[in-house]
Amino acid sequence: METPLYYIVKAKLVKKENGKEPEFEEYQKVFLKESPIIARQSAFDYYQGCLDVLLQNKGIEYTTDKQARLDLINFIETGETSKVIIGEKEVVFTNDSLVNGIGVYRVVNQAINFDTFIPLDIGYQVILHGIGNLVSKYQIDEFMFFLRSEAQCYEQLKLYTNHGITEVTYCSRSVWEEGCEDISIDTFKILKTPFDWDGFDKPFWWGQPDTIPEPQVEPLPQTFENIINGGESNTVEFKPTLLYNFKTGKAGISIKEIIAKTICSFLNSKGGFLFIGIDDNGNTQGLESDFKLAEGKKPKDFFQLEFDQMTQHFLGFATRSNINGQFIKLNGNEVFVVIVEPSSRPIFLKSQNDKKFYVRGEASSRQLAEIEEIINYCIDRFKR
């Protein structure tokens, strides 16, 4: 069917059992119609039905998206079990999973190249709305970016919107923290979602830097502890820092590129877990070396922003729905764990003016440089 955009409702689970490789489970239902806006409405209706079922399992009725986010914290953090049908399969949410979530994704079905935003290749997909560990306060900027680009697609391709365009005044966290306060607040046209944008039009919706206390770090789940104790492997990697270069005593872009290389190799392979704040021998040293570079900013927010900018710079926005990061506590130190889901298409690392392709070996990232080698790997790994 010739249509530039279509939509998918996905449920994602990441599990890790002792002695086994991680399982990245994904369930989806595709909404592909001649009119993209009808496909979009159908996807959001289906998503809403899934939320209703999850809430009914707890004896709760849906009232607002904001309330549902509070009510459904349990389906990712407690021992309760929730079930929902995605497509033709039953998805069981339990606390055995490291990452749980459900969301609506937009997929590009035709190559689109507008001057107003980045080129969108066939298969390019991003999350527009979701719940659970798919979404954090650090990703709201990306929500807005993807919704803006979606509205631009509809406008420039002259697609029917069924009067679904709305205007939202929004304060960009990333632009504000880069010191561009005068241009960080603007009004944008987006297609409606259930997300409540009230209060996001003012600076520091993410928390006042000096008056809001740091959130408490969650205790280390037993599953993470088992992964760390197993050492580095084809799905596990340790890195001491995200930014800090121990040789120079300063932040270094080369350190970020090393982190991005590992993530790229996981994306192109079976997925995996990257622990930042642990050395190659498995010794926990925490994130203090990175935190001291924050220069007055909240250390965790500074770290998360640097991490997001790193993934965007080296890997692109398209990979963000496959990458989930969180702070955990280990031996009294804070560590950042990155859970990387395998990509459905090849991902190249942007290195200066070049692009490089990495895959995961037994306990390291390996570059494939020969064109024939890359092609053969991609045919085998990404065949549908």
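What follows is a short exchange about a predicted model and the terms used to describe it.

Visitor: What makes up the protein in terms of helices and strands?
Guide: The protein has 10 helices and 17 strands. Of its 384 residues, 52% are buried. Its accessible surface comes to about 18,300 Å². Carbon and sulfur atoms hold 47% of that surface.

Visitor: Why is Ile379 called exposed?
Guide: Its relative accessible area is 54%. The cut-off for exposed is over 50%. Ile379 passes, so the term applies.

Visitor: What makes Ile371, Ile375 and Ile379 a nonpolar patch?
Guide: Ile counts among the nonpolar side chains, and these are joined within 5 Å. A patch residue also needs over 30% relative accessible area. Ile379, at 54%, clears that bar. Together the three residues show about 310 Å² of accessible area. Ile379 is found in helix 10, residues 371-381.

Visitor: Why is the contact between Arg173 and Asp301 called a salt bridge?
Guide: The N to O distance between the side chains is 3.2 Å. The limit is 4 Å, from a side-chain nitrogen of Lys or Arg to a carboxyl oxygen of Asp or Glu. The pair fits, so the name holds. Side chains of opposite charge can pair when their charged atoms come close.

Visitor: What does the pair Arg173 and Asp301 tie together?
Guide: Arg173 lies in helix 5 (residues 173-177) and Asp301 in helix 9 (residues 299-315). The two are 128 residues apart in sequence, so the bridge ties together distant stretches of the chain in that sense. Both residues are buried. The whole structure holds 12 salt bridges.

Visitor: Why is Asp201 called partly exposed?
Guide: Its relative accessible area is 29%. Buried needs under 20%, and exposed needs over 50%. Asp201 falls in between, so it is partly exposed. Its side chain meets that of Lys202 in a salt bridge at 3.4 Å, N to O.

Visitor: How do you know that Lys239 and Glu237 count as buried?
Guide: Lys239 has 16% relative accessibility. Glu237 has 6%. The cut-off is under 20%, so both qualify. They also form a salt bridge, with the closest N and O atoms 3.1 Å apart. Shared partners join Glu237, Lys239 and Arg360 into one network of salt bridges.

Visitor: What makes strand 1 and strand 5 a pair?
Guide: Two strands pair if there are at least two bridges between them. Strand 1 (residues 5-15) and strand 5 (residues 97-108) have 11 bridges, in the antiparallel sense. The requirement is met, so they pair. One of the bridges links Tyr6 to Val107 in strand 5.

Visitor: Why are strand 2 and strand 6 called edge strands?
Guide: The open sheet has 4 strands in the order 2-1-5-6, with antiparallel pairing. Strand 2 (23-31) and strand 6 (125-132) each pair on one side only. Neighbouring strands of this sheet are turned by 25° against each other on average, direction ignored.

Visitor: Which strands does helix 1 touch as it packs on the sheet?
Guide: Helix 1 (residues 36-56) touches strand 1, strand 2, strand 5 and strand 6. Its direction makes about 30° with that of strand 1. Helix 4 (residues 140-156) lies across strand 1, strand 5 and strand 6. Helix 4 runs at about 135° to strand 6.

Visitor: What share of the contacts with a separation of 6 or more joins residues 24 or more positions apart?
Guide: They account for 68%.

Methods. Residues are numbered from 1 along each chain as its sequence is written. This is a predicted model: local features need pLDDT of at least 70, side-chain atom pairs count only at pLDDT 80 or more; totals for chains, interfaces and linings use all residues. Side-chain values use heavy atoms; hydrogens and water are left out. Patches are made of residues with over 30% relative accessible area and no salt bridge: like charges are joined within 9 Å, nonpolar side chains (Val, Leu, Ile, Met, Phe, Trp, Tyr) within 5 Å. Accessible areas come from the Shrake-Rupley method with a 1.4 Å probe; for residues, only the protein chains shown count as cover. Buried means under 20% relative accessible area, exposed over 50%, partly exposed in between (1.4 Å probe, protein chains only). Axes are lines fitted to C-alpha atoms, for helices over the stretch in contact, and angles run from 0 to 180 degrees between N-to-C directions. Contact means heavy atoms within 4.5 Å.
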